[in-house]
Amino acid sequence: MLGHAPYLRRARRRAFGKSVTASYKPPYMSSQQTDPEHIAISKSRGIEIDWKDGHHSSYGVEYLRDYCPCATCAGSHGTEPRPKRSLGQNAAPANPFQMYKAKDRMVDIEPVGQYALKIVWNDGHSAGIYSYDHLRHICPCPECRAKAAV
Ligand SMILES: [Zn+2]
Ligand SMILES: [Zn+2]
């Protein structure tokens, strides 16, 4: 009986997503920057996030699809990265006039613990877990893109 206690205690602590994910935070990001204050989700238009540090991010649907962080799309494990169609000459979000091909749509978005959103796409893809760290990191606003390019 007593022998079980340490294991159970450890398992319970892991259930608090915050403390587990904190170790993944890049050192240059404060938790204010990666904690969403408010999230507005539109399956057809994308996701908007107000961060606790006052920053605002607006992610188009296609942009989010391009930045799917799963191993397949990101090109980990030796696979080819998925081409990022929304990255044009100047890395601006996709031109709305050129995207009437197979349009990406979000079918479902669900929160994963306190630290991420899982997006299910209309092509059936659902492996991407978009952590708030990742989302803040890929913020498409000119200010953040300029920083990322350094
Ligand atoms: Zn993916
Ligand atoms: Zn930004």
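**Close-up views of a three-stranded sheet and a nonpolar core**

**View 1. Three strands form an open sheet in the order β4-β5-β6, with antiparallel pairing.** The edge strands are β4 (106-112) and β6 (129-131). Each of these two pairs on one side only. From one strand to the next, the twist averages 25 degrees. The model shown here and in the other views is predicted.

**View 2. Strands β4 and β5 run antiparallel and are joined by six bridges.** Strand β5 covers residues 116-121. Two facing pairs can be picked out. Ile-109 has Ile-119 in β5 as its bridge partner. Asp-108 stands opposite Val-120, also in β5.

**View 3. A hairpin links β4 and β5, with three residues between the strands.** Look for Gly-113 in this hairpin. Gly-113 takes a positive phi, near 55 degrees.

**View 4. The largest nonpolar core holds 17 residues.** Leu-64, Ala-116, Ile-119 and Tyr-130 touch the most other members. Four elements give two or more residues each to this core: β2 (46-51), α4 (61-66), β5 and α6 (132-137).

**View 5. Ile-119 touches residues from several stretches of the sequence.** Residues up to four places away in sequence are left out of the count. The contacts of Ile-119 are then Leu-64, Met-106, Ile-109, Gly-128 and Tyr-130. Ile-109 is also the bridge partner of Ile-119 in the β4 and β5 pairing. Leu-64 and Tyr-130 appear again from the core view, where they and Ile-119 are among the residues that touch the most other members.

Key: Residues are numbered from 1 along each chain as its sequence is written. Chains are lettered from A and ligands numbered from 1 in the order in which they are written. This is a predicted model: local features need pLDDT of at least 70, side-chain atom pairs count only at pLDDT 80 or more; totals for chains, interfaces and linings use all residues. Two strands pair if DSSP finds at least two bridges between them. Axes are lines fitted to C-alpha atoms, for helices over the stretch in contact, and angles run from 0 to 180 degrees between N-to-C directions. A nonpolar core is a set of buried Ala, Val, Leu, Ile, Met, Phe, Trp, Tyr and Cys residues joined through C-beta atoms within 7 Å. A residue is buried if 20 or more other C-beta atoms lie within 10 Å of its own, exposed if 12 or fewer, and partly exposed in between; C-beta atoms are placed from the backbone. Two residues are in contact if their C-beta atoms, placed from the backbone, lie within 7 Å.
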